[in-house]
Amino acid sequence: MTTLSYDQLRALDARHVWHPFTQAATAPPPILALGAKGATIYGADGREYLDMVSSWWVNLHGHGNEAIAAAIAEQAMRLEQVIFADFTHEPAARLADRVCRLLPGDLDRVFFSDDGSTAIEVAMKIARQYWSNQGSDRRVFVAFDGGYHGDTVGAMSAGRSSGFFGAWENMLFPVEVAPFPATWDGDDAATREAQALAVLDEIFDRNRDRIAALIIEPLIQGAAGMRMCRPEFLQAVAARAQAAGTLLIFDEVMTGFGRTGAHFACLKAGVTPDLICLSKGLTGGFLPMSLTVAREEIYQAFLGPDLLKAFLHGHSYTANPLGCAAGLASLDLLEAPACQGRIRAIEDIHRQRLPDLMARHRQLIQPRVCGTIAAFTLPGQGYGSAVSARLKKDFLENGVLMRPLGDVLYLLPPYCIEDSQLHRAWDTVDFVLSRL
């Protein structure tokens with residue numbers, strides 16, 4: 001294969017590629033990545049970038065992890081893909097078993113799909129058909145203000161209050177929206193929680209026996225700006241869903257696989273949902289794959305002699321063996337004492353550095369830390385603002401990849417990051433803010 005020059009590759013990209021979440025008319029040219037290792041991305045411009053967003057939250061153990069790469073290569077020589085409607089294979093069966101063993105309660109049935117959005121679509125379709133299979137016409141969904149669940153139509157409908165989907169408003173189905181009582185370190189959210197729960201009670205009363213499911217990002221709303229809530233709020237939400245006899249869906253696409261400090265946010269919150277959606281970190285950032293895990297009772301409602309009672313949904317690459325092999329290798333790394341120690345160390349550094357940053361920059365508000373995620377708010381800057389764009393540019397110029405979420409800055413590194421690298425990232429945040 002002929003090697004193209006840096007300028008030739010950039011010209012091809014500019015001519016043919018449509019990048020996500022980007023206004024191409026105003027955005028600078030994308031950085032050409034030549035490679036990556038650990039927490040560092042190497043650019044064709046000769047610069048190195050600390051990946052402080054884990055490449056859109058997917059990369060758990062660092063770039064180029066040799067254990068995951070070897071597992072994929074070995075599996076590729078044995079079985080790269082097989083139709084999952086008629087076949088099964090060892091990596092899929094083993095991955096489903098291992099994930100279920102880590103999850104609470106009877107979350108025992110795994111449906112494979114492709115990414116976070118499709119995991120949400122699967123959960124919502126399962127919830128809708130679960131009631132239909134039992135002769136109940138429940139079609140109302142309840143979500144939370146600011147929630148973001150993906151970019152397919154069902155996921156957009158559940159996340160309609162996030163503000164991202166105005167262009168497709170006429171495509172979305174109605175969803176009841178309850179307030180989300182965002183909180184931060186040192187905050188007393190009890191009043192906001194009580195107000196949110198009162199609205200939720202009113203929604204349940206108004207839609208008695210009509211709600212198919214309630215969906216929430218547990219502990220942290222990611223795209224909304226790393227908005228966090230207390231475990232007590234999730235426990236109260238779960239109690240109300242149970243009392244109303246409806247299903248509870250946890251969107252753990254971002255929070256799963258250690259991000260909150262526990263393997264899953266549901267474990268940290270002490271809540272067992274009826275359905276849980278997992279993706280992003282599932283394969284350690286190597287391959288697209290997602291899981292929707294259901295309680296056994298839900299699975300049983302789809303069994304019977306009639307094919308139309310089955311869940312007639314699937315994807316061409318469902319349970320791709322390469323992705324399953326990556327998932328198994330990633331779980332090996334995640335459960336190892338070394339990785340668990342790194343997760344604790346990252347949180348310790350966040351909690352050490354964030355208060356000092358807040359003290360040095362008095363304009364910052366709402367500091368918050370949960371596991372490997374640290375965030376704070378720079379008030380008054382919306383998505384696409386000049387300040388937000390400048391901050392992103394300044395971070396890149398100083399060798400750190402960070403993507404502000406509107407007026408929120410956050411650090412979400414891969415678990416392999418060294419203490420010195422994480423301190424350098426915090427030093428860079430301090431320096432960039434001092435120039436603002």
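## A buried loop residue, L412

In this predicted model, leaving aside residues up to four places away in sequence, L412 touches M52, V53, S54, W57, M226, M254, R259, T372 and I373. The residue is found in the loop between β16 (408-411) and α14 (419-435), and its relative accessibility of 0% is below the 20% limit, so that L412 counts as buried. A further relation across the chain is that between L412 and G281, which are 131 residues apart in sequence and 12 Å apart in space when the distance is taken from C-alpha to C-alpha.

## Two domains

The domain assignment of the chain gives domain 1 as 6-64 + 337-434 and domain 2 as 68-334. The centres of domain 1 and domain 2, taken over C-alpha atoms, are separated by 26 Å, and the contact between them involves 29 residues of domain 1 and 30 residues of domain 2.

## The hairpins of β1, β2 and β3

Strand β1 (residues 33-37) pairs with strand β2 (residues 40-43) in the antiparallel sense over four bridges, and within this pairing G35 stands opposite Y42 in β2. Two residues lie between the strands of this hairpin, where G38 takes a positive phi near 60°.

Strand β2 also pairs with strand β3 (residues 48-51), again in the antiparallel sense, over three bridges, with T40 standing opposite L50 in β3. The hairpin formed by β2 and β3 has four residues between its strands, and G46 in the turn has a positive phi of about 85°.

## The seven-stranded sheet

Seven strands form an open sheet of mixed pairing, and their order is β4-β12-β11-β10-β7-β5-β6. Because β4 (107-113) and β6 (176-178) stand at the edges with a single partner strand each, one side of each of these two strands is left without a neighbour in the sheet. On average, neighbouring strands of this sheet are turned by 20° against each other, with direction ignored.

Within the sheet, strand β5 (residues 140-144) and strand β7 (residues 211-216) run parallel and are joined by three bridges; V140 is placed opposite I211 in β7. Helix α7 (residues 190-206) lies across β5, β6 and β7, and runs at about 160° to β6.

## T292 in strand β12

T292 belongs to strand β12 (residues 290-295), one of the seven strands of the open sheet. With a relative accessible area of 1%, T292 falls under the 20% limit and is therefore buried. A polar atom of the T292 side chain lies 2.8 Å from the backbone oxygen of A119, and A119 is also among the residues that T292 touches. Not counting residues up to four places away in sequence, the other residues touched by T292 are R109, V110, F111, V122, A123, I126, L275, I276 and C277.

## Q221 in strand β8

Q221 has its place in strand β8 (residues 220-221), and its relative accessibility of 1% is under the 20% limit, so that Q221 also counts as buried. A polar atom of its side chain lies 3.0 Å from the backbone oxygen of D145. When neighbours within four places in sequence are left aside, the contacts of Q221 are with F144, D145, G146, G147, F180, M226 and R227; among these, M226 is also touched by L412.

## Helix α11

Helix α11 (residues 321-335) has 15 residues and reaches 21 Å from its first C-alpha to its last, which is close to the 21 Å expected at 1.5 Å a residue. At the start of the helix, a side-chain oxygen of N320 reaches to within 3.1 Å of the backbone nitrogen of L322.

The helix is mostly covered, since 12 of its 15 residues are buried; these are P321, L322, G323, C324, A325, A326, G327, L328, A329, S330, L331 and L334. The elements that cover the buried residues of α11 include α3 (66-76), α4 (90-102), β4 and α12 (337-360), and of these β4 is also an edge strand of the seven-stranded sheet.

Technical notes: Residues are numbered from 1 along each chain as its sequence is written. This is a predicted model: local features need pLDDT of at least 70, side-chain atom pairs count only at pLDDT 80 or more; totals for chains, interfaces and linings use all residues. Side-chain values use heavy atoms; hydrogens and water are left out. Two strands pair if DSSP finds at least two bridges between them. Axes are lines fitted to C-alpha atoms, for helices over the stretch in contact, and angles run from 0 to 180 degrees between N-to-C directions. Contact means heavy atoms within 4.5 Å. The expected span of a helix is 1.5 Å times one less than its number of residues. Buried means under 20% relative accessible area, exposed over 50%, partly exposed in between (1.4 Å probe, protein chains only). A polar contact is a pair of N or O atoms within 3.5 Å; within protein, one must be able to donate a hydrogen and the other to accept it, and residues adjacent in sequence count only if both atoms are side-chain atoms. Domain bounds come from an automatic or database domain assignment.
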